[in-house]
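The exercises below are meant to be worked with the sequence and the structure side by side. Try each task before reading its solution.

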Amino acid sequence: MRKRLFFTPFIILLVILEAYPLVWLVSSSLKAPYEFTTQPIYAFSEKLWWGNYAKAWTEGKIGVYFRNSVIVTFPSLFLVLFLGTMAAFGIEIMRWKLKNVVLFFFLAGIMIPVQMILLPLFVFYYRTGLLDTRWALFLTYVTYGLPLTVFFMTSYFQALPPEILEASILDGASLIQVFFRVAVPMAANAIFTLAMVQFFFIWNDLIFSLTFVSKTELRTIQTGLLNFVGRFGQIEWGPTFAAISLAVIPTFLLYLFLSRLIMEGLTAGALKG
Amino acid sequence: MSLLESGDHAMERILRDWKYVFFFVAPALILYSALLLVPIFWSMGYSLFDGFPISGFRFMGFGNYLRAWKDQDFLRSFWFSAKYALVVTPGQIGLGFLLSLLYFLVLKRASRLSVLIRTLVFFPVVLPTVAVAQMFVKLFEITPQYGLVNAILDVLGLDGWIRPFLGRGDTAFWVAASMNIWTAMGFYAVLLYSGLLDIPQELIESARLDGASGWNLVRLIITPLLRPLFITSTIFSLNGTLKVFDQILALTGGGPGKSTTPLTLYMYRTAFHYNQYGYGSTIAVILTIECLLVTGILSFFRQKTE
């Protein structure tokens, strides 16, 4: 009991350090413009000023950026999981000579900094006319997500007792049927965990979106927010706080329901990486 | 018996079927080769040239690498990245470890408070980096109004401490470092906590019976057992801190001046603002070698401890 008492101040301090900035962020997003100059920054507003959100959403185009992020994130997520799981199945379950070499190739990608592929991709997208389209982001997200997906899924298939899949092969199912009807349903939990991890990588990407897309109407939430604060940040604090809060809200909602899974998934990703 | 053998035989035949190997692996492999492997070699090729697509290229040999050696901006960025990694990585893992001990030794494991604190401290990990960075900009703002930090200093009467935190290179460095630590420590806390949970309970109990408690328990029992996990965490963390880009770009934009420009951002500016594809790629190659070296050396140590 004495131990608990000794640590209580530390725990309180920790909670304040983690939570207060976020609370402050949201409370500031509800202040009227004049309240920023007449009151200290930590004071709560007298009335809730929702106008900041309206301004950030429409004039600041946060709504557009959101839509773009959704449009590009989910198809990329689907394809990276699909292609990666297929490849992992082909590498781990099937028997062929070069499989370890191919696996090594995939894994090598985990350590490569984005900067190493940025210029060639930029030139490639420029030449093929894909620059400033969603295709550039889509293709890049799928590719850059493959190493972790392949790695994660090969270790999943490796841990699987081989009899399970072999039994259905002996029953006369083709490999494609085995993959879709047995392997994927069985791996559903692992795939879902991986989906969480990849979601955050894609949703929170800044550098690819910054490099390959310059049209405002195609910007994603991260580049959009950067653009927003570049234009409004210094002067219009209310809408700026509202824009930041808006960027945080979807993550917060997702986290509210899936925090345990997200924590497990992300740390598992580190252990494997 | 013969049925089993023919079964094995059929299995071999099916699992060695090239058509299916191709069907499963080729789509991912083709995309990956075209958009990740080829670009790596392409960048290595660029690093031997000067120029960019419109102006044409001139072969330089290793001229770009010699140039980096003498380039003040490059050296400054290199040292900024190194300093940043050397402050932030120990910060992330050190505080993460203290937090994991808090979860493991102080809070009741399954209690609601424990879950709540773990969840709360982890949350910044998943937040969009630009949002976090912009929040920190506002926290440390000085004009046109005081941000939260300066306002609190004002109230406490610590006027001497009020300053444009992001307007000066030295303080901007510390804001950037603390922001990263604030964001990531919850991650390492959960990672190390999962390692602590794997320690056999009897080991800790018997150490306690032998009179080890608190500090000694941590020093003599827990830390040695966690060593492989510490190395894994360090590899992961350094790969993040040496490659830091988003957070710095959104917090300081590399400034004031060029004082907080990491190697990644210097590469980006060189390539896309100054159109120096060759030199930009050279910086990327050096960054890649640095990351691979650090990872390789630490992996070697991890293998030795296991």
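**Exercise 1.** In this predicted model, state which domains the domain assignment gives for chain B, and how far apart their C-alpha centres lie.

*Solution.* Begin with the bounds: the assignment divides chain B into domain 1, covering 2–46, and domain 2, covering 65–305. Then take the C-alpha centre of each of these two domains of chain B, and the separation comes to 38 Å.

**Exercise 2.** Describe how strand β1 of chain B is joined to strand β2 of chain B, and in which direction the two run.

*Solution.* Locate the strands at residues 49–52 for β1(B) and residues 56–59 for β2(B); they run antiparallel and are joined by 4 bridges. For one specific pairing, start from F49(B), whose bridge partner in β2(B) is F59(B). Finally, follow the chain from β1(B) to β2(B), where the connection is a hairpin through 3 residues.

**Exercise 3.** Characterise the packing of helix α6 of chain A against helix α13 of chain B, and say which residues make the contact.

*Solution.* First establish the geometry: α6(A), residues 115–127, and α13(B), residues 263–272, pack at an angle of about 15° with their axes 10 Å apart. Because angles under 35 degrees count as roughly parallel, α6(A) is described as roughly parallel to α13(B). The crossing of these two helices is right-handed. Next list the contact, to which α6(A) contributes Q115(A), L118(A), L119(A) and F122(A), while α13(B) contributes T264(B), M267(B), Y268(B), A271(B) and F272(B). Sorting the residues of this contact by class gives 7 nonpolar, 2 polar and no charged.

**Exercise 4.** Carry out the corresponding analysis for helices α8 and α9 of chain A, including the handedness of their crossing.

*Solution.* The helices occupy residues 162–170 for α8(A) and residues 175–186 for α9(A), and they pack at an angle of about 145° with their axes 10 Å apart. Viewed as a crossing, the arrangement of α8(A) and α9(A) is right-handed. On the α8(A) side the contact is made by I164(A), L165(A), S168(A) and I169(A), and on the α9(A) side by L175(A), V178(A), V182(A), A183(A) and M186(A). By class, the contact of α8(A) with α9(A) comprises 8 nonpolar residues, 1 polar residue and no charged residues.

Note on methods
Residues are numbered from 1 along each chain as its sequence is written. Chains are lettered from A and ligands numbered from 1 in the order in which they are written. This is a predicted model: local features need pLDDT of at least 70, side-chain atom pairs count only at pLDDT 80 or more; totals for chains, interfaces and linings use all residues. Side-chain values use heavy atoms; hydrogens and water are left out. Domain bounds come from an automatic or database domain assignment. Two strands pair if DSSP finds at least two bridges between them. Axes are lines fitted to C-alpha atoms, for helices over the stretch in contact, and angles run from 0 to 180 degrees between N-to-C directions. Angles under 35 degrees count as roughly parallel, over 145 as roughly antiparallel, 65 to 115 as roughly perpendicular and the rest as oblique. A crossing is left-handed if the near helix is turned anticlockwise from the far one by less than a right angle, and right-handed if clockwise. Contact means heavy atoms within 4.5 Å. Ala, Val, Leu, Ile, Met, Phe, Trp, Tyr, Cys and Pro count as nonpolar, Asp, Glu, Lys and Arg as charged, and the others, Gly among them, as polar.
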